[in-house]
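Me: Could you take one part of this chain and walk me through it slowly? I'd like to know what sits around it and how it links up with the rest.

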Amino acid sequence: MSVPLSVLDLAHIAPGRSAGDSIAGSVALAQQAERYGYRRVWYAEHHSMPTIASSAPAVLIAHVAAHTSTIRLGAGGVMLPNHSPLTIAEQFGTLDAMHPGRIDLGLGRAPGSDERTTYALRRDPSSAESFPQDVQELRAYLAGESRVPGVQAVPGAGSRVPLFILGSSLFGAKLAAALGLPYAFASHFAPQALEAAVATYRREFRPSEDLDAPHVIAGVNVVAADTTERAQQTFEHVRRTFAQSLFGRGRTFTEAEVDALMSSAAGMHVESMLSCSAVGTPAQVREQIEEFRRRADADELIVAHQARDTEERLRSVELLAEAVELTPTA
């Protein structure tokens with residue numbers, strides 16, 4: 001392919017497994033991605049979710065970075081309304097000091113949680129309203145040009161850790177364009193505004209000291225397996241698991257209840273959310289993601305390798321890399 005591939009690690013905690021198991025799987029996934037020539041691995045901030053282990057992206061990045069050598073690692077993203085800009089500048093400045101040239105910082109406006117968890121995190125439901133100003137304050141800390149007199153991010157000042165704006169609507173596209181920052185669209189679970197958002201970002205982009213031309217990253221789900229049947233079985237499992245987590249509110253479903261859920265409007269909603277997915281053998285997946293890249297007008301794809309377990313996920317990483325002829329590390 002003519003565009004780089006990266007990995008979005010959703011840090012799933014599988015049924016019957018622990019957060020420690022999930023984190024060990026994240027290390028193995030990053031090592032596999034590094035081995036096969038992916039550009040970066042990102043982790044998303046989620047809170048109070050029993051099936052996701054990436055509530056503290058900076059801590060997870062530090063751990064994975066210590067077990068890898070060259071691949072870029074970052075947040076995809078930090079939900080900035082949950083934090084003060086200075087705190088994030090210090091955290092990612094520290095990461096950059098420990099692992100120079102390997103750290104990214106993607107920024108999102110959503111809380112990554114429900115209203116009660118938002119209260120527990122920062123206790124201010126209006127925090128998202130200051131997102132554009134908070135991004136600029138954070139950017140200034142990392143550039144060593146603090147907007148708060150007498151306050152510096154240490155470590156962090158002058159590090160210029162690369163910033164990315166994340167989004168699934170025109171808001172993020174317009175902000176990224178106005179600030180001259182790369183834009184990452186969450187099409188792996190919210191694809192509805194993909195084409196409009198990317199077109200808006202490219203049309204309104206203003207060059208900055210950080211970026212002289214637009215750069216679009218688009219998310220896509222991938223299930224690559226040795227056979228079509230195996231890939232389809234895995235993706236069906238992913239759809240059903242996603243539906244239960246989205247609509248189950250902590251309850252346990254029987255298989256018959258999941259069947260009914262998938263046949264309802266809720267199931268149709270899940271199908272729509274996961275419509276940006278490439279599923280099949282390596283050749284089939286290559287064709288599907290090339291078509292998706294054209295549709296998304298993307299400069300880079302970030303892949304959520306969906307699977308039932310770590311072994312399937314690692315195999316998917318390998319098969320996709322070989323299919324698109326990524327260059328493995330020596």
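**A close look at helix α12**

Reply: Let's start at the far end: just after α12, E325 has a positive phi of about 60°. (Helices are DSSP runs of H or I with at least four residues, strands are E runs of at least two, and both are numbered from the N terminus.) Keep in mind that this is a predicted model, where local features need pLDDT of at least 70 and side-chain atom pairs count only at pLDDT 80 or more, while totals for chains, interfaces and linings use all residues. Residues are numbered from 1 along each chain as its sequence is written, and side-chain values use heavy atoms, leaving out hydrogens and water.

At the other end of α12, D309 is the N-terminal cap, with a side-chain oxygen 3.2 Å from the backbone nitrogen of E311. In between, α12 has 14 residues, which at 1.5 Å a residue should span 20 Å, and the C-alpha atoms at its ends are indeed 20 Å apart. (The expected span is 1.5 Å times one less than the number of residues.)

What about burial? In α12, the buried residues are E312, R313, S316, V317, E318, L319, L320, A321 and A323. (Buried is under 20% relative accessible area, exposed is over 50%, and partly exposed is in between, with a 1.4 Å probe and protein chains only.) Their cover includes strands β1 (5-9), β7 and β9 (300-305), along with helices α1 (19-36), α8 (228-247) and α11 (282-296).

L320 also takes us into the largest nonpolar core, a set of 71 residues in which L320, Y38, F92, L105, L107 and Y201 have the most contacts. (Such a core joins buried Ala, Val, Leu, Ile, Met, Phe, Trp, Tyr and Cys through side-chain atoms within 4.5 Å.) Not counting residues up to four places away in sequence, Y38 touches S316, V317, L320 and A321, among others including L5, V7, I71, H305 and L326. (Contact is heavy atoms within 4.5 Å.) Apart from that core lies another, of 14 residues, with V223, A225, V258 and L261 among them.

Now for charges within α12. E318 and R315 form a salt bridge, their closest N and O atoms being 3.1 Å apart. (A salt bridge here is a Lys or Arg side-chain nitrogen within 4 Å of an Asp or Glu carboxyl oxygen.) The two residues are three apart in α12 (residues 310-323), so about one helical turn separates them. E318 counts as buried at 17% relative accessibility, whereas R315 is partly exposed at 31%. Elsewhere, salt bridges with shared partners join E236, R239, R240, E255, D259 and E271 into one network.

How does that pair sit in the wider picture? The whole structure has 25 salt bridges. One of them pairs D104 with R40, with 2.7 Å between the closest N and O atoms. D104 is in strand β4 (residues 103-108) and R40 in strand β2 (residues 40-43), so this pair ties together parts 64 residues apart in sequence. D104 is buried at 0% relative accessible area, and R40 counts as buried too, at 5%.

D210 and R139 also form a salt bridge, again with closest N and O atoms 2.7 Å apart. D210 is in the loop between α7 (194-204) and β7 (216-224), while R139 is in helix α5 (residues 131-143), 71 residues away. Here D210 is partly exposed at 39% and R139 is buried at 18%.

Notes: Polar contact = N/O pair within 3.5 Å; in protein donor to acceptor, adjacent residues only side chain to side chain.
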